[in-house]
Amino acid sequence: MQFEDFWYVVALSQELKPNAVLSRTVLGEWLAIFRGDNGEAVALQDRCLHRNSRLSRGNVRQGMLSCPYHGWVYDKQGKVVSVPSEGDDHFNPLIEQIDIGSEECTTKAYRHKRCAKKYETREQEGYVYVRLAANPSEEFQPFSMPYYGKPGWETVRVINHFQNTVINCAENFIDIPHTVSVHPGIFRTSRKQKLEMTVERKNGAVLVKYQKETNNLGWYARFLNPKKNEIKHTDSFYMPNVTSVEYNMGNRRRLFITSQSIPETEDSTLVYTDVTFNYGIWNKIARPFVRWTAQKIIRQDIEALAIQGEAIKKYGTQFANTPADTIHVFVESIFNQIARKKDPRILPNRSVRVSFWV
Ligand code: FES
Ligand SMILES: [Fe+2]
C-alpha cells in the first residue's frame, strides 16, 4: 500500500468547466485537468511530450487540450491527435513504423508513442478525484461525504491552503486542546472543564468518542442546543487523509465537518472541507453564518499550522506528547505504516480512555 493508491480531490465538479484546464499538484506530481469531449474529467501529467511545456497553460476546445507552445493537441486519452508542424503527415504510416506502440495508444491512427501520462479520475458528490497509481494494491473508493445532497441537509464547502503536512493538518482538525487557545470565544472557551474521551485505533481509522461534553460551543450553541442537551461528539480519522467531526445535539440537530487533506508537496496541503448540517428550520438562514464561522476558524488554524510548519521544517518532528495527544500518536502510526508501504490495518486494535481539561 502506498499513498498513490488512494483517491484525492483535485477540484469541485463545478470548477471544472467544459473549456477550462486546471493546474494541480498531488503528491508532488503536476497535473493538467480538463473535461474530454464526453464531459468526463481527464487528468494528464502536466508536461507536453514535445518540448516539455506545461499543458495546464494551454487551451481546451471541444474536449481537446492544446499545448501553449507549439500547439500539439491531446485528446481525453492523452493521445496526441494533432501536431501542427507535421501538417497532414501526422498520421503518415512511416511515422507509425518509427515509433513504438504503447498500451494506451493501440488504435491504428495513434500507433505511435505520442501519448501523455494519464491518471484515473472519478467524480462523486460534487468533487473530482484523481488516483496516481495505475495498479493500486487495492481498489479503494473515494471517501463518501456524510449526508451530502440528502434532503433536510445543507452543505457549505470551503477550500483552504495550509503550509504544513497532511498529517499535521488532519491532526489539527480533530485536536480539541488547541481550540481554547487558537479559537477562543468563537468555538470554545476555556472553562477548566474535565473531558473524557475514548480513543480507538482499528482498521486504518482512529475513532474518538467524547463524554461529558455539554454547552461549550460558542455563541451559536444557544440556537442549536437551547435545552443544553448532552452533545454527542465524535471525531474520526480515516486513512490516509480524511477527518470527520460530528456533533449530535439531540432534537435531530447534527453537524458534520469533514475534511479531505490533499498532499501537494512536503509542506503544502490543500484542504477541502464540507460542513454539513441539519438545523431544521434554521437550515437556510444558517448557511452564511456557518460559512463565515467555518472560514474564520480555519483561517486561525492556517496561521497556527504555518507557525508549527516552520519549526518542524527546522527541527523535525520530536514531540512531547500528553495523554490528550493519544489521537495524534494513533493517527501518526497509521500514516507512518503507509509511508513504509505497509497496510495500517494490520496494526493491532487499541482502545484507551483518556481524561483532559479544556
Ligand atoms: S512543447 Fe508542447 S507543443 Fe511544443
Ligand atoms: Fe482548529
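1. In this predicted model, His-183 and Asp-301 are both buried. The two residues belong to the site of the iron ion (ligand 2), whose protein donors are His-178 (NE2), His-183 (NE2) and two OD atoms of Asp-301, at 2.1 to 2.3 Å from the ion.

2. Along the chain, the donors of the iron ion (ligand 2) are spaced as H-x4-H-x117-D. His-183 sits in the loop between helix 3 (179–182) and strand 12 (194–202), whereas Asp-301 belongs to helix 5 (residues 283–315); the pair, 118 residues apart, thus links distant parts of the chain.

3. The geometry of the iron site is irregular, the angles among the four donor atoms running from 59 to 145 degrees. The site does not count as tetrahedral because that class requires all angles to lie between 85 and 135 degrees.

4. The largest pocket has a volume of about 430 Å³. It is lined by 22 residues, of which Thr-165, Val-166, Ile-167, Glu-266 and Phe-335 are the closest to its centre. Helix 2 (166–173), strand 16 (254–265) and helix 6 (326–339) each give two or more residues to this lining. In terms of class, the lining comprises 11 nonpolar, eight polar and three charged residues.

5. The model contains 15 salt bridges. One of them joins Glu-138 to Arg-345, with the closest N and O atoms 2.5 Å apart. Glu-138 is in the loop between strand 10 (127–131) and strand 11 (154–162), and Arg-345 is in the loop between helix 6 and strand 18 (350–357), so this contact ties together parts 207 residues apart in sequence. Glu-138 is partly exposed, at 31% relative accessible area, and Arg-345 is likewise partly exposed, at 27%. Both residues also take part in a network of salt bridges with Asp-343.

6. A further salt bridge, 2.5 Å from N to O, connects the side chains of Glu-154 and Lys-284. Because Glu-154 lies in strand 11 and Lys-284 in helix 5, the pair ties together parts that are 130 residues apart in sequence. Glu-154 is buried, with a relative accessible area of 10%, while Lys-284 is exposed, at 59%.

7. Asp-274 and Arg-157 form a salt bridge through their side chains, at 2.7 Å from N to O. Strand 17 (residues 268–278) holds Asp-274 and strand 11 holds Arg-157, so parts 117 residues apart in sequence are tied together. Here Asp-274 is buried, with a relative accessible area of 2%, and Arg-157 is buried as well, at 14%.

Notes. Residues numbered from 1 in each chain as written. Chains lettered and ligands numbered in written order. Predicted model: local features only at pLDDT ≥ 70, side-chain atom pairs only at ≥ 80, totals over all residues. Heavy atoms only, no water. Donors = N, O, S within 2.8 Å, 3.2 Å for Na, K, Ca; no water. Tetrahedral: all angles 85-135°; square planar, octahedral: opposite > 155°, others 65-115°. Helix = DSSP H or I, 4+ residues; strand = E, 2+ residues; numbered from the N terminus. Buried < 20%, exposed > 50% of the residue type's maximum accessible area, 1.4 Å probe, protein only. 1 Å grid on protein atoms, 1.4 Å probe; cavity = no way out; pocket = protein on both sides within 12 Å on 5 of 7 lines; lining within 4 Å. Points joined across faces, edges and corners; volume = space filled by probe spheres on them. Nonpolar A, V, L, I, M, F, W, Y, C, P; charged D, E, K, R; others polar. Salt bridge = Lys/Arg side-chain N within 4 Å of Asp/Glu carboxyl O.
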